[in-house]
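Please examine the sequence and the structure below before reading on. The report that follows moves from the whole chain to its sheets, helices and cores.

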Amino acid sequence: MTEGSTATGAVLTAADSVAYLGPQGTFTEVAMRAMPSVGDAQAVPMTSVDAVLDAVRRGDVAAGVVPIENSLEGPVTTTLDALARRESQLVITQEWAIPVRFSLLVRPGVSLSEIRQVASIPIAAAQCRGWLSENLPDAHVLAALSTASAAQRLGTENPPPYDAAISPAVAAQHYGLEVLADDIGDNSAASTRFVQVRRPGPPPPRTGADKTTLMLFMREDHAGALMEILTEFAVRGVNLTNIESRPTRKQLGDYYFAIDCEGHVADARVGEALTGLRRVCAEVRYLGSYPRHDGKQPHARPGTADEDFANAAAWLAQIRSGA
């Protein structure tokens with residue numbers, strides 16, 4: 001592992017390792033290999049999101065790549081909750097989105113009429129619900145750790161634990177399977193967003209097309225609590241691209257908010273919003289500022305550009321000094 005590269009967003013080298021949600025043939029691997037910062041790093045498949053994050057936290061690998069959001073099914077809650085834990089001590093340094101195309105994989109010679117059980121992760125099976133209802137209405141869908149692990153078990157275990165797997169087509173090459181049906185998803189525009197995480201350190205330099213991720217914990221549940229949080233963004237012109245509420249698992253009705261907003265922590269409007277949130281929230285966990293995968297630049301409304309904040313601060317300083 002290259003010392004000093006773990007949290008800056010620098011390009012990894014052949015001396016580094018990057019963990020990803022495996023095994024081989026997952027969409028996560030495809031996204032990981034597409035990320036510009038991965039470079040020549042060695043890819044290390046892991047069996048779960050927690051295993052990936054733990055490996056990064058311990059310093060066994062320089063970075064990790066995990067799924068965080070699907071365009072159809074919403075957030076990957078396993079990832080959100082793992083990153084929200086106090087002991088997580090990780091930051092996001094890059095994101096990447098790829099189109100999601102599912103295939104039905106079988107052992108050579110198996111026909112559609114022979115399939116009684118199909119395995120995949122729930123979020124993948126949900127995206128193929130229409131195809132399954134039409135073509136395999138009586139098949140029982142089993143949960144797997146990942147789309148590729150479903151293919152791996154089907155191709156390597158004897159006897160096979162089920163008859164078919166919903167996986168990326170590339171997984172068939174790894175595990176000696178056949179693609180019985182291709183592109184079986186119900187929505188051709190489906191995509192999944194993945195994030196690269198590293199240990200804490202200076203964020204990547206701002207590009208002008210950035211995103212910041214936060215986990216916000218309320219002091220108490222009361223009328224207007226969410227409005228107080230949203231106001232800190234709104235009055236400074238910070239646009240939210242995503243907001244999710246998740247249980248803290250402490251008691252019923254106790255939630256935290258996972259928020260993505262436009263901009264970089266180095267932007268005055270984002271920095272001011274963070275200081276405001278620090279005052280009204282019980283805890284603010286900063287999970288990183290990083291380039292947006294789509295390169296979209298935010299529109300700063302009048303009064304919210306960096307120079308506007310600088311001018312206002314200079315004006316206040318002048319008043320306080322009596323000049």
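How many Å² does the protein chain expose, and what share of it do carbon and sulfur atoms supply? In this predicted model, the protein chain exposes about 15,100 Å², of which carbon and sulfur atoms supply 52%. The C-alpha trace spans about 85 × 50 × 35 Å along its principal axes, and 47% of the 323 residues count as buried. The chain has 10 helices and 15 strands. Among the contacts between residues at least 6 apart in sequence, 77% join residues at least 24 apart.

**The five-stranded sheet and helix H6**

An open sheet of 5 strands, with mixed pairing, follows the order E8-E7-E9-E6-E10. Its edge strands, E8 (140-143) and E10 (178-182), each pair on one side only, and neighbouring strands of the sheet are turned by 30° against each other on average when direction is ignored. Helix H6 packs on this sheet, where it touches E6, E7 and E9, and the direction of H6 makes about 150° with that of E9.

Within helix H6 (residues 147-156), the buried residues are Thr147, Ala148, Ser149, Ala150, Ala151 and Leu154. These buried residues pack against strands E6, E7 (117-120) and E9, and also against helices H1, H4 (122-127) and H7 (170-175).

**Strand E12 and its partners**

Is strand E12 enclosed or open to the outside? Since 9 of the 9 residues of E12 (residues 210-218) are buried, this strand is largely enclosed by the rest of the structure. Both of its faces are covered, with Asp210, Thr212, Leu214, Leu216 and Met218 buried on one side and Lys211, Thr213, Met215 and Phe217 buried on the other. E12 pairs in the antiparallel sense with E15 (residues 281-291) and also with E14 (residues 255-262). The table sets these two pairings beside the antiparallel pairing of E6 with E10, together with one residue pair from each.

| Strand pair | Bridges | Residue pair |
|---|---|---|
| E6 and E10 | 4 bridges | Val106 and Glu178 |
| E12 and E15 | 8 bridges | Lys211 and Tyr290 |
| E12 and E14 | 7 bridges | Thr212 and Cys261 |

**The nonpolar cores**

In soluble globular proteins, nonpolar side chains tend to be buried together. Which residues of the largest nonpolar core touch the most other members? Of the 31 residues in this core, they are Val18, Phe102, Leu104, Val118, Leu136, Ile166 and Ile184. The elements that give two or more residues to the core are strands E1 (17-21), E3 (63-70), E6 (103-106) and E9 (164-167), along with helices H1 (27-34) and H5 (129-135). The largest share, 3 residues, comes from H1.

Ile184 offers a view of the surroundings of one core member: leaving aside residues up to four places away in sequence, Ile184 touches Phe102, Ser103, Leu104, Cys128, Trp131 and Ile166. Apart from this core lies another, of 25 residues, including Met46, Val49, Ala55 and Phe217. Phe217 thus belongs to this other core and is also one of the buried residues of E12.

How values were computed: Residues numbered from 1 in each chain as written. Predicted model: local features only at pLDDT ≥ 70, side-chain atom pairs only at ≥ 80, totals over all residues. Heavy atoms only, no water. Core = buried A, V, L, I, M, F, W, Y, C linked by side-chain atoms within 4.5 Å. Buried < 20%, exposed > 50% of the residue type's maximum accessible area, 1.4 Å probe, protein only. Contact = heavy atoms within 4.5 Å. Pairing = 2+ DSSP bridges. Axes fitted to C-alpha atoms, helices over the stretch in contact; angles between N-to-C directions. Areas by Shrake-Rupley, 256 points an atom, 1.4 Å probe, with all protein chains shown as cover.
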